[in-house]
Structures are given as C-alpha cells and as structure tokens.
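Trainee: I am new to this structure. Please take me through one part of it slowly, then show me what lies around it.

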Amino acid sequence: MNTTNRLNHAYSQAPWRVQRQWVSIFLLIVLGFAMIATLYLMVTSEAAIVGREIQDLRLAIITTEHTNADLQTELARLTSSYETQRRARELGFRPMKAEEVEYLYVPGYIAPKAAALAAAPELQPSAPSTSPEYTQSLLDWLGERLQTPGRGLR
Amino acid sequence: MRQQYAWRSMLLNGIMAVVAVLVILQMVRIQASAEAEAFREQADTFRGGYRTFYPERGEIYDRNGHLLAGNQTVYEVGVDLINVIDPHSVAMAISVNLGKSYDQVFTDILNPPPGISYLVVDNFASSEAVAHLKELKKELNEAEEPTPSLAGLEFNPRLKRSYPETALASNILGFVNREGRGYFGVEEKYNDLLAGNPVRVWVPNDPNQAVEIPRVPNGTSLILTINRDLQDAVEDILDYSLNEYGAQHGTIIVMDPQNGEILAMAATPRMDLNHFENYGAIFNNASEYNRAIGMPYEPGSVTKIFTMAAALDTGLVTPNTPFLDTGEIQIGGVTIRNWDQKAWGVQNMVGCLQHSLNVCLTWVAIQLGPQNFYGYMNRFGFGRLTGVDMSGEAAGRLKVPGDADWYPVDLGTNSFGQGLSATPLQIMTAASAIANQGRMVTPHTLYAMLRDGHQFNVPPQYAGSPITTETAATLNEILAVSLENEASAALVPGYRISGKTGTAQIPTPFGFYDFNQTNASFIGWGPVDDPQFMIYVWLERPTASPWGSQTAAPVFSEVAQKTVILLDIPPDSVRLNTAAR
C-alpha cells in the first residue's frame, strides 16, 4: 500500500503544474480561434474590397462602352455624306462629270467588292474567367488528374 | 464556511442559468414573431435583385463601312425623393436644363404619387444637358452652405439608337422606337439579330457576395449592300426630279442585276430617323414608308418586256416577226388602242417595243393565250412577294383566269401593264431575268453580318429562270436597239443600255382611269453585254409631261451617269479594250 502511494506520489504532477497545463490548453484554443477569426476577417474584407472593385470595373466597362458608342457615332456624323460634301465644297471641290473621268488600266488590279469590317475575335462569351483552382474541390481536382491521360498526380 | 460558499455559488449559477434560458427563450420568440418575418423579407429585398442586362444594339453599315445606324448615350434623369434637400433648386435645374415645367416638377417632388420614392423626370436626356447638370450638382456639393443643393438628382446612362446620316436611306433602314423595337425596313426585319439577347441575373448588393455576371454579347451588326454615296446621289436626283417634273412622289432603285444587291433605294417622303416621333406627321399609312416595296401600282408599258419575253421564249415570235398595226384591236368585247390613238402600219417586234404599241402587245398576248401568258407572269413573280429583306413589302395583284374579277379583256390590258399592280422592286426582280441570262435574282439589302469579331457574308439567292439564256440575250438586244433607234433620253453617253419606258393611267377608286394624270416609269440596265446596274425610276403624277419618255427616261440617264462614276464602271470602249488585252 505504501509502495503504491509512493509510486503515485512520485509520478503525479504538482497541482500548479496541472493548472498551468489547463491554462495553456485554454490559451491555445483561444489563440486558435483568434487566428481563425483574424483569417476570416482578412479574407472577407479582401473579398469585399475585390467585390467592390469588380462592381466599379463593371461600371467602368459600361461607361467605356457608352463612350465608344458615342465616339463612333460622333465620328460617323463628322464623316457623314452631308458633312463630307459640305467640307469638300468649302475646299473648292465639285462633283465630277462622266466625261471628266479618266480610266487607267492597271494590270492585275481587282477592285474591292465591299468592306471587311470584322475586328479581332473577342473573348468567348461562355469562357469562365475564374481559374479552376478557385472553384474545384480537392475531389474534383483529383478526379480530373486521374481522368486526364498522360497527366499524373504532381 | 466552505458549505456557505457552496450555496452562494449554486444560487448564483442558478440565477445565471435562468437568465440564460430567458435570453434564449426571448431570442426564439423574436425570431418566430410576425415582425421578424417582415424584417427577413425586408432584408431579402435589400440583399440584391434580378437585373436585366441588355446588349448593345448591333450597328448598321453601308457596303463601304460607313456607319448608317449606331448608338448614343442618353440619360434617365430621376429624383431620389428621400435624399432631396432643396426641391426648389432641383426643380429649377431640371426646368432650365431639360426644358421641363418647373411647376410640374416642383409639385411632383413635394407631392409624389403614393408609394413612389424615385421620380423619373426625363427618360432620354442628352449627354450635354446631363453633363451640365452633373457639373452644377458637383459645384453645389462642394459649397459649404447646405442650400442650394441638387442632392437627390440621379442620372442613369443608357444607349439609344442614333442615325448619323439623319434622313439618308431612311426608307431602307426604318427606325427604332424608345422601347428598342425596330419598325420598318432593315431595323424591323432584322430586329431580333440587331437587338441581341438580354440576360437576367440575380445581383447581390453585398460586395462580399460578388457573383460573376455573364458577359452579354452585343447584337449582331449588319453590313448592307447599299452604297452610301450612290444613295445620297440618287436621293438628290430624285428630289431634284420631283421639282423639275412636278411629280407628287417618286422612287428610284439601283440594283446589281447579277446578284440582287440593292445599291440604292430612294423614295419620298423621307424623315430624319433621329426624330422618328414625326412619323405620323410625314406618312399617312405604313405602305408609304417605302414606296419602292410597299406601294404596288399599275406600271404600264414597262411590263411589255415580259409579254415579249414570253412570246420570244415560247418561239411564237422573233425580233423580225411582222405585225400590221391598224391602230386598234378587239379583245373581250373591248377595243384596245395605241397610246397616241394612231395606226403604226407594218412593224416588227423591235418596232412594237420601240414605239410601245399597245395593239401589237395585245396581239402578242392573244397569240400566247391566257395559260401561257399568265404562266410566264407567274414565273416572273407578279402577284408574289420578292422576299426582299426589308419589312413592309406588298405583293401587288395579278388577276388570273378563274378569279372572280378577271375578264378576257384583262389579257389585253395586262400585256401592256394596265389592270395589274406591282411594286417597282417586283418589276426589277422580274427584269433581272432578262439582264442576267434568264436567271432571276432575289433582291436583298444584307451583305454581311458581324458577330463576335467574325464577318459572315450572305450569298446571293436566285428565284428561278423564267426564260432561257437565248431569250434573255435576244430581248436584251431588242431593248438596246429600240432605245438607240428612238434616240431615247435614257441613253448614257459611252455606255450601251437596255430599257423600256412606261406611262400608265391611274385607276380611281370608282373603277375608272384618271385621264389627266399618269405614272411615269423607266426600267433600264447596262452595260448591255455585262449588266452591272439596273435602275428603276417611278415618278408619280408628273405635271411637266405625262410621258415616261420625257420624265422618267432622262432621270434614268442622270442616275446611270452618276452610278457609273461612283461604281467605277468604265465606258464600254475602255472596258472592252481592257478585256481584249
């Protein structure tokens, strides 16, 4: 019996030591929560800022599109048939008569039939602009890696 | 002592537990109350909302890339009534800059309709007016005094259709109303393509929940076959001709007879498309919007070419077939006479067309018989829509045997273009078979579509071959020789032209013809060996002269001379020399 008590006494920790351990565990938990809360706050505030920037950019796109349309229309107005003729008359030009036209033979010349107005291709409307890394779950990513031939896990 | 502390501790714990339970109960009660439901609904309302994103309407260009219809920013100006500090200043600024009634705006701000927190003052305020208002609002905001103030005045930009060429080609283009719907012409015909597809998405107000808004593709842009400079020139000539010949209205069409591309189409009246609200004051009905396609009329002698085409194609006549013109012919119990009431003696088919003899063409139609004659007329497309890609086309009328109102005399009158009705474009479509080696084209205005940076050209379409290549060549030659023999006012120096005049009496609503007024027409194309343009002129009720040969024919010549310059078509001698090299 005495031997047992002695052993217990020898291996049991001092009460202040147990207390300190509990306090440490509690502080660790608090610290963990604080870190998570800080991270959450950082991420949400960052997301809010980016969201606001997206809204601003969206507005800027609309404004730019409107400005483009306005400028294009204004340019068309300034180069309209009426305006062009008015400016030409002011500069002393007059419409040509058929008998004044002189035709010149240019070997190999092929007159253009009509305008080719196609601009550079725009982005595919349906193409997602968010990278898959931000939308895929771990399982999605794993599945994609396994199903893509020649692309093992890295 | 320790026991005493234990009881105190338990009592304190019990009280706190009761308080906690009470707090939880209260929370549950609040969450389940009717007010909570109202608050939740309110929160949902402010969480975001569905917004419709409208694509930018596609533009319209002429064949050389000149913008005919574009878009321009206008503003919706409104008053956010909750934020208004100084109603007097707001009403005054709106009145001065937007031309609205001060009293009306002031009253509306002070006594808005029930349930309204945002008052729309102007839906289509110009950029200039709004820029001034914005500047004023900014200046007043920066001032230290609370009033005057334009707080509450809001501006929302949007795009509206704009036509930089104002009235040019207005009959072809049509217009777009304030709701964004196209009316008449190309704007109506291709409204779905031009307008694009609006996208409706839920947009949160919380920036933390920013969602990706799908990109709304713009409406399809169109490139028309119209040549702006030619259109302008043709409109000028038409306006001048109406004045010169005292005609009430007129129509001129220029088309490429080899592929059906409409190069210019002028008609009166026209309107500035930026002020489409004047439509009611300018047009009496929709068919007047574009007379070239919407107003069938009795074209007169221009249709003699189709009677002759049928006769040549069936082998009934050749250019040298003789005909003794006695000045009158009986059909269905009615006597048909020539335009000058005279007998022209012995003629051949060239002379019949050259002198535009009604008696001769009636004889040709009698020889053909109703079945053959109307069979050819049907193949030429009379009484049917041409399928031109503009809204508002009318089909005209061709009575045929079996119709309740068809009489045997109609065979005779139809042979020289009376008793049937057709639009100028229908007649051009039919005549394209003669100019285009027997193959009839489908007239069209769409050259290409622009979408997502790609240009899709529209191939020409053909509407059958009513006559053979040989018949077309023979008739082409007959018509060219007739103009040359006649020294027609339609001739174009340096270019060989085929064509035919038309002078038609105008039917009255009482079933008789008005003998004092006529419709003067001319259809022609050239150069004869390789037709690159076909021109139709229709002058309504000219007072200077009733005859097409003295009114429409010179107008044709003038248009043709302008056309060859603007389309870079060299004179026959130059062209043939070049081809021979």
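Mentor: **A close look at B:Val120**

B:Val120 sits in strand E4 of chain B, residues 118-126. Strands (E, at least two residues) and helices (H or I, at least four) are DSSP runs, numbered from the N terminus. This is a predicted model: local features need pLDDT of at least 70, side-chain atom pairs count only at pLDDT 80 or more, and totals for chains, interfaces and linings use all residues. Residues are numbered from 1 along each chain as its sequence is written, while chains are lettered from A and ligands numbered from 1 in the order in which they are written.

Is B:Val120 buried or exposed? B:Val120 counts as partly exposed because it has 13 C-beta neighbours inside 10 Å. The cut-offs: buried means 20 or more other C-beta atoms within 10 Å, exposed means 12 or fewer, and partly exposed lies in between; C-beta atoms are placed from the backbone.

Now its contacts. Leaving out residues up to four places away in sequence, B:Val120 touches B:Glu76 and B:Gly78. Contact means C-beta atoms, placed from the backbone, within 7 Å. B:His88 is 32 residues from B:Val120 in sequence, and their C-alpha atoms are 17 Å apart.

Step back to chain B. Its domains are domain 1 (72-160) and domain 2 (228-580), with bounds from an automatic or database domain assignment. Taken over C-alpha atoms, their centres are 57 Å apart.

Helix H2 of chain B covers residues 34-47. H2(B) is hardly covered: zero of its 14 residues are buried.

Last, chain A. Chain A has four helices and zero strands. Of its 154 residues, 3% count as buried.

Key:
Expected span 1.5 Å × (residues − 1). Contact = placed C-beta atoms within 7 Å.
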